[in-house]
Amino acid sequence: MENNQTGASAQPTSGMANLRFGVYNQPTNIAGKSVQQARDQFSKIWGIPTDSVAYKGKDKLDENYVIQPGDNVEFHRRAGEKG
Amino acid sequence: MSTKRFIVIGAGGVGTWLIAGLVRLLEWKFPGSGLIIVDGDNYEEKNKERQEFTKIGNKAIIKAHELTSHFPNTTIIPVPKWVVSENFAGITAQEDAPKIKASDLIKENDVVFAVVDNFAARKIIFDTAAMLDNIDVFTGGNDDALFGSIYHYQKRNGIATTEHPVSFHPEYENPPDKNPGELSCQERAEIEGGTQLLATNMAVAALILGRVQKTIVQDQSPEETEIYFDLGLGKAEPYNRMISYILEESKL
């Protein structure tokens, strides 16, 4: 879906948002930070790849999108392939 | 109770264990149903570590023969062919590697299990299902360790209940691999099977069976559309990919 959210008009704020990546799911005080900053913070702990797209619902998020309180931000985790 | 037509595409590391559960479910919950097992590949000794077969030979044929005498209330049909796309330009009747177009296999109201070992074949199956009005497709896979995931795509009366997996998985839109059914025998032989683990294969099968129990047997909504798991961490995480839920999520 090309309905990217850039967050250009979003005002920096603070508060809780939910971050998800594969089996990881963590409410955290991350609102007001950009997707890029959230990725940097969690990439080492969770192993989020640098090219992993962030989604809110079905919308792809720009790296500069400012996370809002209550957002549910998901970093793409590649599905299991082998069977 | 109504009868069902279950189609399992891929009788390998996941399919072996999934079929064992599905045939029991059909036999006792939906007697008189059909179970179609599709696989163009052969069972070999090297598969023994993770797969359950009594003989060497085509996986679909052997598995159907094994089950038929034990489950008289279920019609089990082997399709010893590779599934290919509508656009496949080769010869489908090729003797050493017969193929079947997905659209000739998957029909309205089927419950399909895409437990192959590559994204390209899964995409063909999902895209074919998306053309139908009433369909359920379950897929699942794992990596070479203890991680895996499953996904449930569903349509009712022409409307998708859950998102097509391509919405959340670029690997389906542009598969990094190739459909073995569309490769030559030589190319297929060169594909590395990896070093998968039995526990992970069985976990994928068990999770799919759990979703079938809830959404097909009990006819409940497919809220836990996608489930990621990691046996090493002892974690499993469900994701709601229902269309109605995703629309609300995007608005927040």
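**Cores**

I looked first for the largest nonpolar core in this predicted model. It has 60 residues. I listed those with the most contacts inside it: B:Val8, B:Ile9, B:Leu18, B:Ile37, B:Val112, B:Phe113 and B:Ile125. I then asked which element gives the most to this core. That is α7(B), with eight residues. Another core lies apart from it, with 17 residues. I noted A:Leu19, A:Ala38, A:Leu61 and B:Phe168 among them.

I picked B:Ile9 for a closer look. Leaving out residues up to four places away in sequence, B:Ile9 touches B:Val38, B:Val83, B:Val112, B:Phe113, B:Ala114, B:Val115, B:Val116 and B:Ile125.

**Helices α1 and α4 of chain B**

I checked the length of α1(B), residues 15–29. The helix has 15 residues and reaches 20 Å from first C-alpha to last. The expected value at 1.5 Å a residue is 21 Å, and the model comes close to that. Next I listed the buried residues of α1(B): B:Gly15, B:Thr16, B:Trp17, B:Leu18, B:Ile19, B:Leu22, B:Val23 and B:Leu26. What do they pack against? I found β1 (5–9), β2 (34–38), α2 (59–68), β8 (111–114) and α7 of chain B. B:Leu18 appears again here as a buried residue of α1(B), and I had already listed B:Leu18 for its contacts in the core.

I repeated the length check on α4(B), residues 119–130. At 1.5 Å a residue, its 12 residues should span 16 Å. The end C-alpha atoms are 16 Å apart, so the helix agrees with expectation. How many residues of α4(B) are buried? I counted 10 of its 12, so I call the helix mostly covered by the rule that 20 or more other C-beta atoms lie within 10 Å. They are B:Phe119, B:Ala120, B:Ala121, B:Arg122, B:Lys123, B:Ile124, B:Ile125, B:Phe126, B:Thr128 and B:Ala129. I noted that B:Arg122 and B:Lys123 are on this buried list.

**Strand β12 of chain B**

I moved on to β12(B). Five of its five residues are buried. B:Glu226, B:Tyr228 and B:Asp230 point one way from the strand, while B:Ile227 and B:Phe229 point the other way.

I then looked up the partners of β12(B). β10(B) pairs with β12(B) in the antiparallel sense over five bridges. B:Ile150 stands opposite B:Ile227 there. β13(B), residues 235–239, is also antiparallel to β12(B) and is joined to it by five bridges. B:Glu226 has B:Tyr239 as its bridge partner in β13(B). The hairpin of β12(B) and β13(B) has four residues between the strands. In that hairpin, B:Gly234 takes a positive phi near 70 degrees.

**Positive phi outside glycine**

Most residues other than glycine have a negative phi. I therefore noted two exceptions in chain B, each a residue that is not a glycine.

B:Asn157 has a positive phi of about 50 degrees. Where does B:Asn157 lie? I found B:Asn157 in the loop between β10 (147–156) and β11 (159–160) of chain B. Is B:Asn157 buried or exposed? B:Asn157 has 7 C-beta neighbours inside 10 Å, so I count this residue as exposed.

B:Asp219 has a positive phi of about 55 degrees. B:Asp219 sits in the loop between α7 (198–217) and β12 (226–230) of chain B. With 7 C-beta neighbours inside 10 Å, B:Asp219 counts as exposed.

**Chain A**

I read chain A along the sequence and wrote down β-β-α-β-β-β. That is one helix and five strands. Buried residues make up 36% of the 83 residues. Among contacts in chain A between residues at least 6 apart in sequence, 61% join residues at least 24 apart.

I took A:Ala17 as a sample residue. A:Ala17 is in strand β1 (residues 15–21) of chain A. Why is A:Ala17 called buried? A:Ala17 has 23 other C-beta atoms within 10 Å. Leaving out residues up to four places away in sequence, A:Ala17 touches A:Thr28, A:Ile30, A:Ala31, A:Ile67, A:Gln68, A:Pro69, A:Gly70, A:Asp71 and A:Val73. I also looked at A:Lys58, which is 41 residues from A:Ala17 in sequence and 17 Å away in space, C-alpha to C-alpha.

**Interface and confidence**

I looked up the contacts between the chains last. 20 residues of chain A are in contact with 38 residues of chain B. The chain A side divides into four nonpolar, eight polar and eight charged residues.

The predictor gives the complex an ipTM of 0.89 and a pTM of 0.93. Chain B has a mean pLDDT of 94, with 98% of its residues at 70 or more.

Terms used
Residues numbered from 1 in each chain as written. Chains lettered and ligands numbered in written order. Predicted model: local features only at pLDDT ≥ 70, side-chain atom pairs only at ≥ 80, totals over all residues. Contact = placed C-beta atoms within 7 Å. Nonpolar A, V, L, I, M, F, W, Y, C, P; charged D, E, K, R; others polar. pLDDT = per-residue confidence, 0-100. Helix = DSSP H or I, 4+ residues; strand = E, 2+ residues; numbered from the N terminus. Expected span 1.5 Å × (residues − 1). Core = buried A, V, L, I, M, F, W, Y, C linked by C-beta atoms within 7 Å. Pairing = 2+ DSSP bridges.
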